[in-house]
Each structure stands twice: as structure tokens, then as C-alpha cells.
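Hi,

Here is the structure I promised to pass on to you. Have a look at it first, and my notes on what turned up follow below.

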Amino acid sequence: MSEADRLNKVLEREAPAVFRCLSPLGREAAFPKGIPYQAAMANGTRINATIGQMTDGHGNALPLSIMEPLVESLDTAMTFLYAPVEGHKSVREAWRRRESALAGRYAVPVAMPIATHGLTHGLNLLADLFADEDTTLVLPKPFWGNYRLIFTMHAHCKLATFDFFKDGGFNLDGLADTLAQIRGKAIVLLNLPGNPTGYALTPDEAEKITQVLAAAPGPLVVVVDDAYQGFVYEGTALRESEFWPLAKGLDPERQAVFKVDGATKELLFFSSRLGFLTHPYCTPGAEDALLSKLKFLIRGTVGSPPGPSQAIVLRALQDPGIEAAFDARFRVMKGRYQALKRAFADLGTDRLVPYPFNAAFFMLVELKGIDSEVARLRLIEEESVGTVSFAEPNALRLAHCSVDEADIPEMVERIVRVVTT
Ligand SMILES: Cc1ncc(COP(=O)(O)O)c(C=O)c1O
């Protein structure tokens, strides 16, 4: 029996929905016994001649003398030497502690998160593992455009969308109706708090989504994109990730769930290219089988995750000041969010209809009587304001995360001017 067949048998037994959803590539995936495997086995030998990186002969980094001082407060080996394909254990452990603490009362046991090259790569790994031309990706619309590139263009999924909002909240009927029409395997992608909507669920909506997904016959993979976790500005919205109730409430025979998150937005470390992939399949067999398959895919795409980012993130996660540091930035974000709410509360025009927003970095406003792309171009030319246009619905996305609070009323005034003249 091949190693891939052995892993598939383990998953069939211990994580049946994961097994049932594997793509042809996912079924073939098994980490080979090549260089990283053999180098890991030789760890701790007196003379280690396995890996293609220059050391001092005793496992320590030997960077260029001009570079070492640039990062002298960081762990030298972690910064300059290759990271394990799945990321450094210390960083993965620290991330798991953080995520489980953020889950609060919803927390369930999860496998060790696997480090990815940013969230995009985490999503890509899931597309490789599960998506093919017989898979339908279910997405509330509008959605982050890169999902299309990752799942439909790269992995050839079919796409089934439904309107994100209904009656001032998440469109639960849209999700249920769309799922009911799908024959065969589906991937449901949830991004809440989300881009471009800036919307986080209420606890009631979160519970109902869990019920809808748990009732689906499957096979189904739910991907929770938690890029904007933590940025929730209203007490009425759910702060915890929808991943946790799903990990608890889904039926492992029919539905699988994965969480994608990372340092990018949550630690405001946009350039880090450090994300994490977490799942609840933590029996030893299933955890090892998924790790092997994911390492196969990581090795064949980005090789391994960046060391300097892991060294910085580990230091941040170990720092007792991390919460206060986050809070300071959160207050700035909340101030901008509130300024935007105030500006849209009293517009004096019915040509701008904001969608509900309470979280993340954005809001979405529907335009009446003017095409959003025309408005976007006029905003640049006539008003020196940059926005992003969406065709369906006819809307502009405003990223308040990058606008000074003091400029927000003026930004809205300029938008009003363009849509009313
Ligand atoms: C919803 C969502 N998911 C994922 C990402 C990508 O994150 P990363 O830059 O870590 O790949 C973004 C970035 O804008 C995003 O908005």
C-alpha cells in the first residue's frame, strides 16, 4: 500500500468527511521521505550533513556579519535558518494558545496549527486538498475577489453565490437554499468579520449558520477565513470565531471544518506572510495524516514559511504587553469606524445606502442612480478619494482602516458630492 493510501485509510476512519472531500491531488498527497524528512530525523546527530544551509558546523546560523545586527533582538537560528515545512513548533504552540483563548467558552480541542505563507496560502492549501471541477464553492456575495482566483481559476471549482444580506443581517435563507440545490461535494467559505462587508455575525446568526450547515447532507468542507478576527466594534456582534461552534456542532461523517487566520491583520503585520491553518481532527492518526498531506502541498509550493516573521510573531505572542498594544490600535480603528457611522447617519441623500457594518476594516455602500465604477473614477479625478468598486451589488467599499479619523467626514462629503451631481 502506498503511503498516500495508508493516510487515506486513516482519514476514512478518523475524519470521514475530510476523507470524502479530498480532491484527486488531496488523495495523492503524502509528505515524501526526501530532504526535510531525512534532515528532521537527523536532528541532534553529532555530525549533521543533511540540509543545504550553511551553519557553523554545530547547527547554529552563520549569517552575513552585516545582516546579523539588523535583527539582533531576534532568535538568530529562527531568523536565518530554514524553518520546518509546517513552521516552528514554538510558534505553532503559541498561536494555538492564543486562538483557543480567543475562543472563550466555545473552545474545543484542535490540532497544532500549521504555519502558512499568509492566509492566501492557507486558502490555497485547502483548495488543493479539496477542490476540483466536481466541487462547488458556496460564497455569500459580494466576496473578497481573491477567492475566485484561488478556488475557481486555480482549483477549477464551480461557484454558487447568494446575496450576503437579507433583512439587515446575514442571509441565512440564501445559504440554506444554495446548499439545498448542490449535488455533490461543496466548500462553504465564511469570512466573518468580513471583507468587503465589514460585517460580524450576531450570536443568534452564528448559531443558526451552525444549524444550517450541520443539517446539510454533505460531503461538505467549511472554511472559516478569520483574517479580521478581533476587530469587532459593537457589543451586539459575536467576538469569537464561527469556527468554534462549527467544530463542535458539525457531524464529522458529513461535514469538515478548517480555520484560516494569521498575523497579517490580527497582529497588523501585513508583510509577514505568516498565516495558520487549524482544524479539529486531533486524534493522532488524523492529525498526522493531515499534516503529511499539507506538508506535501507546502513543500511543493512555497517550500517552508518565513523564519524572520515567525521569530517576530513568537516574541510578540510571548510579550505580556501584547493585549495592551493591540488595544491601543483597536481604539484607533474603532474611532474611525464610529466616525464613519456618524457620517453615514445623516447623509441628506438616498443615493447612498450603506449595508450593515460593525467590524473589520471596511464598509460597503450601495449606490443608486450612478454606476459604481463611474463613481470610483470620478472620485479619484474630481475629489482625490480612492475607493474600490463592486459591480454586484452596485457598491463602493470604503476601507476606513487606512483613513485618518479626522478625514472621514470630508471623505463622505466628497462621495456625496459625486453621487448627487
Ligand atoms: C478576507 C481575507 N482573507 C485573506 C486575506 C489575505 O491575507 P494574506 O495577506 O495573509 O494572504 C485578505 C487580505 O486582504 C482578506 O481580506
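Helix 6 and helix 14 are oblique to each other, because their axes cross at roughly 40° and the oblique class takes in angles that are neither under 35 nor over 145 degrees, nor from 65 to 115. Before you read on, please keep in mind that this is a predicted model. Helix 6 covers residues 89-103 and helix 14 covers residues 307-318, and the two axes come within 10 Å. The crossing of this pair is left-handed. On the helix 6 side, the contact is made by Ser90, Val91, Ala94, Trp95 and Arg98. Helix 14 brings Gln310, Val313, Leu314, Leu317 and Gln318 to the contact. By type, the contact residues of this pair come to six nonpolar, three polar and one charged.

There is a second helix pair that you may like to set beside that one. Helix 15 (residues 322-345) and helix 17 (residues 408-420) have axes that come within 9 Å and cross at roughly 40°. The angle therefore makes helix 15 and helix 17 oblique to each other as well. Which hand does the crossing of helix 15 and helix 17 have? It is right-handed. Arg336, Ala339, Leu340, Ala343 and Phe344 of helix 15 meet Ile408, Pro409 and Val412 of helix 17. Here the contact residues divide into seven nonpolar, no polar and one charged.

Now to the sheets. Seven strands form an open sheet with mixed pairing, in the order 1-9-8-7-6-2-3. Strand 1 (114-116) and strand 3 are at its edges with a single partner strand each, so one side of each has no neighbour in the sheet. From one strand to the next, the twist averages 25°.

Strand 2 is a good place to start looking in this sheet. Strand 2 (residues 136-141) pairs with strand 3 (residues 158-163) in the parallel sense, over six bridges. Within that pairing, Pro140 stands opposite Phe162. Strand 2 also pairs in the parallel sense with strand 6 (residues 186-190), over three bridges. There, Val138 has Val188 as its bridge partner. What do strand 2, helix 8 and strand 3 make together? They make a right-handed β-α-β unit, in which helix 8 spans residues 146-154.

Further along the chain you will find another open sheet. Four strands make it up, with antiparallel pairing and the order 10-11-13-12. Its edge strands are strand 10 (352-354) and strand 12 (388-390), each of which pairs on one side only. Neighbouring strands of this sheet are turned by 30° against each other on average, with direction ignored.

Strand 11 (residues 362-367) and strand 13 (residues 395-399) pair in the antiparallel sense over five bridges. In this pairing, Glu366 of strand 11 has Ala395 of strand 13 opposite. Helix 16 (residues 372-383) packs on the sheet and touches strand 11, strand 12 and strand 13. The direction of helix 16 makes about 170° with that of strand 12.

To recap the helix pairs: the crossing of helix 6 and helix 14 is left-handed, while that of helix 15 and helix 17 is right-handed.

Best wishes

Note on methods. Residues are numbered from 1 along each chain as its sequence is written. This is a predicted model: local features need pLDDT of at least 70, side-chain atom pairs count only at pLDDT 80 or more; totals for chains, interfaces and linings use all residues. Axes are lines fitted to C-alpha atoms, for helices over the stretch in contact, and angles run from 0 to 180 degrees between N-to-C directions. Helices (H or I, at least four residues) and strands (E, at least two) are DSSP runs, numbered from the N terminus. A crossing is left-handed if the near helix is turned anticlockwise from the far one by less than a right angle, and right-handed if clockwise. Two residues are in contact if their C-beta atoms, placed from the backbone, lie within 7 Å. Ala, Val, Leu, Ile, Met, Phe, Trp, Tyr, Cys and Pro count as nonpolar, Asp, Glu, Lys and Arg as charged, and the others, Gly among them, as polar. Two strands pair if DSSP finds at least two bridges between them. A crossover is right-handed if, with the strands pointing away from the viewer, the path from the first strand over the helix to the second runs clockwise.
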